[in-house]
Amino acid sequence: MTPTLDTIVSLCKRRGFVYPSSEIYDGFAAVYDFGPYGVELAQNIRTAWHRAMTWQEPNIVALDSAIFMHPKVWEASGHVSGFSDPLAECRVCHSRVRVDHLLEEVGVQADEKMTEAQINELFAAHKARIKCPKCGSKDFTEAKSFNLLVQSNLGNFTGDWTQEPTYLRGETCQGIYVNFKNILDSTRMKVPFGIAQIGKAFRNEITARQFIFRKREFEQMEMQYFVHPDAAADTYESWRTKRFDYYISLGIKPENLRWHQHENLVFYARAAWDIEYNFPFGFKELEGVHNRGDYDLTQHTKFSGVDLSYRDPHTSEVYMPHIIETSVGLDRTFLAVLTDAYTEEQVAEGDTRVVLKLPKTLAPVKLAVFPLVKNKPDIVAKALSVYQSLSKTYKVEFDDNGNVGKRYRRQDEIGTPYCATIDYQTLEDDTITIRDRDTMEQIRISIAELPAFLVKNIV
Ligand code: GAP
């Protein structure tokens, strides 16, 4: 059963995965911090994506471009003029609402790509059924397009910087397009090839709901694949297949994934499909796979004056490459992975355990090491030496607090696949017990066998 969002939020807070930002000041809407286990999980998600995209794809290279770019980048991309959501205000409580979302909630198909006039027509037609989520009123202003780019005064020392703002990037892929030529000139890449990047993006999202699903400061993992125009359609289909298979190989349950095709396309897209995940609030976009045509390189050629067309070294044909994009949020992957792993199990009469059945590669801690008792120096020293020898290779946790049963439950809640207990028998024969998170079964192996056991079982 899919857990409720409250259940996930509460686990994240209780076990140090995610905290609301600036919580002692009552929080800061749609901004969140990763706690100790959140940092580990997020890093493992980045690593899995980075390896799938670059280590396992010989013709994709990595990039880490800066958050700030020349402001003209955002004019060329179309974000300054067209990156907006339809916003209305409740006339009673003055909450700001996203009109396309309110329409969707009453079963009316709408999205942010519609014009102001189209949205207002639908809004007027269904007003009687639409209520303010905060106060229940039905009295709203008209919808207006609200630009989502976050502005800053970086490098502008005048008092009136809003006239010429710089922007915190609204998507990471623009850093890839403006480095297309650099990568071609400095590596052996030839079309077809891809550039992959992980990094922060910022959007002034109108509504702050659904926990880390929709943040104002979030992280994207985007890959842009540059192809000959004739190859774009086939390459697009092959990336769609690869990306869906990636989530399955990551360990996400197939029944919680599905495709959604966009009918109303954004200005740059020739085709757009989303991989949706069954979040606690229903199936919603996890990743977008887009055929962007030659829009991006053409726009940046026009605005920068630098020709970004490509000359094929074999045929000498000159053309503007088309781009196939795969774009996923780290935070949405994080939420999907936690939702998928969350399990409540009855282990005995009146005894339920919460266990995160995370894919082992993603688990924040791979092994917990317990001395059976903490008042026996030989046992504690042995446990510490096991912990120290393995912590060079894995994230290992040492825990000597409370009884072993409670320690197991704590590790279950953070998804630790294995717990090793050092006990009296260890002092005699150098063996330990290994307890499996999912089956709760225990086996006894020698300490010398432990590294090979982990290599074999944590793939
Ligand atoms: N470059 C294309 C692009 O940015 P998008 O559909 O706007 O497309 C891509 O975003 C992905 O980024 C989404 O599928 C989602 O996973 C993530 N994302 C977008 N907005 C987000 C937000 N406010 N909070 C968290 N993740 C977000």
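**Chatting about Thr 416 and the ligand shell**

Me: Hi! Is Thr 416 buried or exposed?
Reply: Thr 416 counts as buried, because its relative accessibility is 1%, and buried means under 20%. Keep in mind that this is a predicted model.

Me: Okay, and where does Thr 416 lie?
Reply: You'll find Thr 416 in the loop between α13 (404-414) and β21 (418-422).

Me: Which residues is Thr 416 in contact with, leaving aside neighbours within four places in sequence?
Reply: Those are Val 365, Lys 366, Leu 367, Ala 368, Gln 411 and Arg 437. With Gln 411 there is also a polar contact of 2.6 Å between the two side chains.

Me: Nice. Switching to the ligand: which residues come nearest?
Reply: The ligand has 22 residues around it, and Glu 171, Lys 215, Glu 222, Glu 285 and Leu 286 come nearest.

Me: What does Glu 222 do there, distance-wise?
Reply: An N or O atom in the Glu 222 side chain is 2.6 Å from a nitrogen atom of the ligand. For Glu 205, the side-chain N or O atom is 2.8 Å from a ligand nitrogen. Arg 203 has a polar side-chain atom 2.8 Å from an oxygen atom of the ligand.

Me: And how much of the ligand's accessible area does the protein cover?
Reply: The protein covers 92% of the 560 Å² that the ligand has on its own.

Me: Which strand gives the most to the shell?
Reply: That's β13, with six residues. β10 (217-227), β13 (282-293) and β16 (322-329) each supply at least two.

Me: Last one: how do the shell residues divide?
Reply: Into 11 charged, six nonpolar and five polar.

Notes. Residues are numbered from 1 along each chain as its sequence is written. This is a predicted model: local features need pLDDT of at least 70, side-chain atom pairs count only at pLDDT 80 or more; totals for chains, interfaces and linings use all residues. Side-chain values use heavy atoms; hydrogens and water are left out. A residue is near a molecule or strand if one of its heavy atoms lies within 4 Å of it. A polar contact is a pair of N or O atoms within 3.5 Å; within protein, one must be able to donate a hydrogen and the other to accept it, and residues adjacent in sequence count only if both atoms are side-chain atoms. Accessible areas come from the Shrake-Rupley method with a 1.4 Å probe; for residues, only the protein chains shown count as cover. Helices (H or I, at least four residues) and strands (E, at least two) are DSSP runs, numbered from the N terminus. Ala, Val, Leu, Ile, Met, Phe, Trp, Tyr, Cys and Pro count as nonpolar, Asp, Glu, Lys and Arg as charged, and the others, Gly among them, as polar. Buried means under 20% relative accessible area, exposed over 50%, partly exposed in between (1.4 Å probe, protein chains only). Contact means heavy atoms within 4.5 Å.
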